[in-house]
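Visitor: I have a structure open and want to know about the empty spaces inside. Can you walk me through them?

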Amino acid sequence: MRRIPAALLAGVLAAGAAAQEPEPRPTPCVDSSGQAAPEDSASLLRDAIHLLAQPGGNSSENLRAARRLLRRARGLGPTVRDTLLASDFASAAGEDEEAGDLLADAAERGAEELAPLDWLVLARRDEARADYASAAAHYKRHLRSLEGNGEDTRWVGPRLKQLDVATRATALSAPKAHVPPAEARLALADGKAALARGDGRIARAKFSLALRIDPGYADAALAAGALDVRDGRTTDAVRDYRLALAADPERLEAIVPLANLLWETPDRVAKAESLELLDRAVALRPDLQTLQRQSAERWAQWGDPKKALERLNAWRAGASASEKAETERLHAELAARLNLTPEPAETGAAPERQSSSLAAEEWKKARVYADQGDDRQALEHLAVAERLDPKLAAAPELTGAIHERRGELAAAEQALRRSIAAAPGRASALERLALLLTRQPGREAEAQEQWQRAEEAGSVEASFYLARNAERSGESAHAESLYERYLAQAAQGAHATEARASVAKLSGH
């Protein structure tokens with residue numbers, strides 16, 4: 001905040017000169033009848049300035065009197081000048097909170113009256129309050145107010161980037177290790193057993209019981225969603241998958257079915273959300289090429305050839321010659337349409353809850369940096385997160401994903417094993433490790449072990465991969481049973497089409 005007398009005194013003297021204040025102490029104005037004239041804000045402001053402009057005027061007593069005069073002036077109609085002066089007086093009295101509020105008020109009333117230092121004060125105040133978007137806006141005003149005066153402002157750019165990361169991080173859900181109560185786990189197991197017997201009514205009741213016991217039980221919500229899809233209860237299924245996604249934002253088994261269900265609705269807002277979800281699924285699992293092609297086709301149907309072509313080209317990079325041939329017509333159409341179609345407006349994500357955990361905050365910042373492709377910054381924040389909370393399994397899991405993307409397989413494996421050690425039942429880390437091992441020759445047995453552990457942890461994906469491994473090993477009956485188990489839990493899942501084809505082949509249909 002500005003301080004008396006150094007910064008304030010110059011303003012006081014300038015204001016006094018502008019107001020042409022008299023030398024003697026002001027006396028109350030009277031009208032022709034000898035009665036005191038009504039107060040006005042301008043005269044009260046001059047009286048306050050007069051008190052501070054006298055020799056020794058910045059004493060505590062005069063300061064308090066000047067502040068009282070300014071409060072009266074503000075009650076009669078505040079101006080930018082008296083608001084700024086009141087802010088300085090409050091700062092001089094050590095009341096920084098009031099000083100900041102007054103300065104913010106002055107900024108709203110007349111931004112052009114504020115000095116560069118005022119904008120910097122507001123920016124740092126907002127930053128301390130974790131209001132990062134407002135802080136960034138004030139830093140930008142500070143930067144504009146300094147343009148052309150030769151001051152070094154190179155530090156503002158990096159600061160704005162840090163604030164952007166902090167803003168995006170607050171929109172992320174904090175990761176947490178979730179262990180459902182034993183009663184909820186038992187209810188889910190009973191529901192799955194009932195479903196295997198063909199008793200959907202009992203299964204539904206058990207899944208509902210599990211969710212009443214623990215509304216954040218993602219596996220129970222997924223099971224309920226799959227059952228609702230099977231029974232044609234689309235609205236209930238959407239609710240179930242949203243519940244699962246709220247509990248576990250990176251759960252592919254929730255993202256893909258929800259994206260598919262929303263795409264089938266006639267509502268354009270729902271379809272837009274479906275596209276965002278599908279892109280999120282592709283970012284989480286770039287190895288699932290079917291998702292890339294599906295995303296490309298849907299963006300084309302939506303009417304955005306630019307995004308459709310980007311995703312189609314990414315898919316074609318790993319597609320076979322026959323698969324590429326299937327999409328030649330779509331590829332040509334998109335390329336032709338690009339000359340005519342403007343770029344669509346971007347839509348922002350809805351903010352979610354904010355965590356108070358320091359480790360979780362580091363993880364969220366790392367997520368933002370990772371999404372921006374800044375791996376170095378992301379890994380630095382993740383290292384801090386792991387030091388702050390070694391039990392935060394999401395931190396080493398994200399570290400592993402970054403290393404894997406960079407082709408650093410040994411580092412990725414080490415990080416994923418740290419994640420599993422921190423949370424032995426973390427299905428997503430077990431799935432990532434199993435896939436990482438699958439892609440390395442000679443490690444199929446290790447991968448199979450991790451898939452089995454993932455299935456025990458509640459992974460629906462694991463059922464599909466175990467089924468595929470069983471089919472390759474000639475265990476047809478076991479493979480068919482596993483495929484059916486996968487389809488019972490993920491009728492709209494990423495592998496649903498492949499699983500149905502395998503069941504038809506194995507059953508001879």
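Guide: A definition comes first: Ala, Val, Leu, Ile, Met, Phe, Trp, Tyr, Cys and Pro count as nonpolar, Asp, Glu, Lys and Arg as charged, and the others, Gly among them, as polar. Also, this is a predicted model.

Visitor: OK. How many cavities of 30 Å³ or more does the structure hold?

Guide: There are 4 of them. The largest cavity has about 140 Å³ of space.

Visitor: Which residues line the largest cavity?

Guide: The lining is made by Glu250, Arg251, Leu252, Glu253, Leu284, Arg285, Glu397, Ala427, Ser428, Glu431 and Arg432. By class, that lining has 3 nonpolar, 1 polar and 7 charged residues.

Visitor: And which element gives the largest share of that lining?

Guide: Helix α23, with 4 residues. Both α13 and α23 supply at least two residues each.

Visitor: Switching to pockets. How much space lies in the second largest one?

Guide: About 590 Å³. The pocket is lined by 27 residues, and the closest to its centre are Thr290, Leu291, Ala494, His495 and Glu498.

Visitor: Which elements give two or more residues to that lining?

Guide: These are α13 (252-263), α15 (289-302), α23 (427-438), α25 (460-472) and α27 (496-507). The most comes from α15, with 8 residues.

Visitor: What about the classes there?

Guide: The lining of the second largest pocket has 10 nonpolar, 10 polar and 7 charged residues.

Visitor: Back to Leu291. What does that residue touch?

Guide: Not counting residues up to four places away in sequence, Leu291 touches Leu252, Val256, Leu278, Ala281, Val282 and Ala494. In the largest nonpolar core, which has 71 residues, those with the most contacts inside are Tyr241, Leu291 and Trp451.

Visitor: Which helix gives the largest share of this core?

Guide: Helix α11 (residues 218-230), with 9 residues. There is also a second, separate core of 17 residues, including Ala169, Ala359, Ala366 and Ala395.

Visitor: I clicked on Leu227. Where is that residue found?

Guide: In helix α11.

Visitor: Is Leu227 buried or exposed?

Guide: Leu227 counts as buried because its relative accessible area is 1%, and buried means under 20%.

Visitor: What is Leu227 in contact with?

Guide: Leaving aside neighbours within four places in sequence, Leu227 is in contact with Leu195, Gly200, Ala203, Arg204 and Phe207. Leu195 is 32 residues apart from Leu227 along the chain, and their C-alpha atoms are separated by 8.6 Å.

How values were computed: Residues numbered from 1 in each chain as written. Predicted model: local features only at pLDDT ≥ 70, side-chain atom pairs only at ≥ 80, totals over all residues. Heavy atoms only, no water. 1 Å grid on protein atoms, 1.4 Å probe; cavity = no way out; pocket = protein on both sides within 12 Å on 5 of 7 lines; lining within 4 Å. Points joined across faces, edges and corners; volume = space filled by probe spheres on them. Core = buried A, V, L, I, M, F, W, Y, C linked by side-chain atoms within 4.5 Å. Buried < 20%, exposed > 50% of the residue type's maximum accessible area, 1.4 Å probe, protein only. Contact = heavy atoms within 4.5 Å.
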